[in-house]
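Biologist: I have a structure open and would like to learn how to read it. Can we go feature by feature?

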Amino acid sequence: GCGKAALPYAREMGDMALLRTMGVDAGEEAGQVRVTVSTGKRAAGLQGESQPPLILSAAGESLSAACLSMQGLSDSYVFYGYVDQLLLGEEAALEGVEPVLDYFSRDVELGLGAQVWLVRGGTAQAAIEAGGETGVDSRLSTLQTDSEMGAAGITRTAGEVFSSLLEQGCAYLPALRAAGAEEGEQTALLEAGYGVLRDGAPAGCLEGESAKGLELLTGQTAEDIIEVDLPSGRAVARITEVSTRCEPVFQGEELTGLRLHCRAAAELAEFHEPMDQGELAQLREALEERESLRLRQVMEQLRAWGTDCTALGSQVAQANPARWEKLRGEWEERFSTIPYEVSVQVSVSRTYGDLA
C-alpha cells in the first residue's frame with residue numbers, strides 16, 4: 001500500500017463478540033446517551049455448547065463514545081458488523097431519532113438495513129435484557145419473518161424510516177412493549193402498534209383499529225381475523241390481501257379532495273352451513289364497513305398530527321407532477337384539511353374457492 005495505509009487487524013472469530021441487537025436510550029445525565037448491545041447465543045468449545053447472550057451497556061456524551069466504551073467491558077473484540085436490529089427507547093426518541101439513524105448511515109460497521117422498533121413505555125435496555133438466557137434477537141427475527149409472511153405487523157428498516165423523514169418530514173415505525181415484568185412473569189416483547197414520527201420525534205402512537213387502518217392505508221396489512229354475527233350464526237373471515245390507492249380530485253388547478261380506494265380479499269375461516277347469497281352479501285357489507293371505519297380513524301389521526309407518513313402525497317405527485325410542484329411546499333397543511341372519501345370493496349371466498 002501507499003503511505004501509512006495498513007490492512008485491517010486479523011482476528012479469530014472465537015475472539016470476537018458478534019453483536020446482533022443495539023438499543024439506544026437517553027442517558028441518566030442531560031446530554032448523555034446510553035447504548036445497550038447484545039449478541040445472539042454464543043458457541044463455546046469444540047462441542048459448540050450454547051452460552052447465554054452477551055449484553056453490554058455504556059453511556060457517553062455521543063453514540064461514538066458509548067460504542068467505543070463497549071470495548072473495555074468485554075474480554076472479546078466487540079464487532080458491530082452483524083447488528084441488524086435497532087431498538088429506540090421512548091425517551092431517546094423524544095429527543096430525536098435522526099442522529100441515531102444518521103450514525104447508522106455513516107458508521108463503517110453499521111448500516112441502514114437494520115430493522116428498527118420503538119420501545120413504548122420503557123427503555124431499549126430493559127427490552128434487550130428481557131430476552132434473558134435465550135436472547136431478544138430470536139424474538140425480533142421471528143417478528144420480521146412473520147411480517148414477511150403476513151402473520152405480524154409491518155416491520156421497517158432504519159433506511160426506510162430515515163428516507164421517509166428526509167423526504168416527507170414524517171415516518172412510521174413498528175412499536176413494541178415489554179409485558180409480564182410487573183406480574184413477576186417472564187418478560188416478553190409484544191407488538192404495540194406503530195409510532196408516528198414528525199420532524200424526527202414522536203407525534204403519537206397508533207393502536208388497535210387505527211393501527212389496522214395504517215396497515216390498510218399502506219396495503220401491507222397482516223392477516224386479520226374479523227368476526228361477524230349473521231342470522232345463521234357467527235362467521236369468521238380472514239383478510240388475506242389488501243390494496244389501497246389514493247386518487248386526487250382537481251378542479252382546474254385546485255386540488256379539492258382525495259379519494260381512497262381500498263380493495264381487499266377475505267376467506268371464510270368459520271361459518272355455519274347453509275350460508276345463502278343473502279348472508280354472504282351481509283357479511284361482505286359488514287367487512288367493508290369495518291375496513292372503511294379503520295381507514296377513516298387512521299386518516300383523522302394522521303391529519304390531526306399533520307403527518308402524511310404513508311406518502312399519499314407521492315401518489316398525488318404521480319397523478320399530476322406539474323400541479324404537485326405548486327402543492328409541495330404546503331402539502332402538510334393541505335393534508336390536514338382537505339376533504340377525502342373512502343370506498344372499500346371486499347371479495348369473500350370460502351376456503352374451498354366459491355367466490356361472493
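Biologist: What percentage of the residues in the protein is buried?

Modeller: First, a caution: this is a predicted model. Of the 356 residues in the protein, 47% are buried. The accessible surface is about 17700 Å², and carbon and sulfur atoms hold 47% of that.

Biologist: How many helices and strands does the secondary structure have?

Modeller: Eleven helices and 16 strands. Now look at the contacts between residues at least 6 apart in sequence: 65% of them join residues at least 24 apart.

Biologist: Let's take one helix. Which residues of α9 are buried?

Modeller: Start with the general idea. An α-helix has 3.6 residues a turn, so residues three or four places apart point the same way. In α9, the buried residues are Leu312, Gly313, Val316 and Ala317. Viewed down the helix axis, the buried residues of α9 fall within an arc of 150°, so they line one face of the helix.

Biologist: What covers the buried residues of α9?

Modeller: Several elements do. The cover includes the helices α7 (208-218), α8, α10 (321-327) and α11 (331-337). The strands β14 and β15 (254-270) are also among the cover.

Biologist: Let's move to a single residue in a strand. Where does Thr244 lie?

Modeller: In strand β14, residues 233-251. To read burial, check the relative accessible area against the cut-off: buried means under 20%. Thr244 has 15% relative accessibility, so it counts as buried.

Biologist: What does the side chain of Thr244 reach?

Modeller: The backbone oxygen of Leu216, at 2.7 Å. Leaving out residues up to four places away in sequence, Thr244 touches Leu216, Leu217, His261 and Cys262.

Biologist: Now backbone angles. Is phi negative or positive in most residues other than glycine?

Modeller: Negative, in most of them. Asp199 is a case with a positive phi, about 55°, and it is not a glycine. Ala311 is another residue other than glycine with a positive phi, near 60°.

Biologist: Where do I find Asp199 and Ala311?

Modeller: Both are in loops. Asp199 sits between β11 (188-198) and β12 (201-206). Ala311 sits between α8 (277-305) and α9 (312-319).

Biologist: Is Asp199 buried or exposed?

Modeller: Exposed means over 50% relative accessible area. Asp199 has 60%, so it is exposed.

Biologist: And Ala311, buried or exposed?

Modeller: Ala311 has 16% relative accessibility, so it counts as buried.

Technical notes. Residues numbered from 1 in each chain as written. Predicted model: local features only at pLDDT ≥ 70, side-chain atom pairs only at ≥ 80, totals over all residues. Heavy atoms only, no water. Helix = DSSP H or I, 4+ residues; strand = E, 2+ residues; numbered from the N terminus. Buried < 20%, exposed > 50% of the residue type's maximum accessible area, 1.4 Å probe, protein only. Polar contact = N/O pair within 3.5 Å; in protein donor to acceptor, adjacent residues only side chain to side chain. Contact = heavy atoms within 4.5 Å. Areas by Shrake-Rupley, 256 points an atom, 1.4 Å probe, with all protein chains shown as cover. Arc of directions from axis to C-beta.
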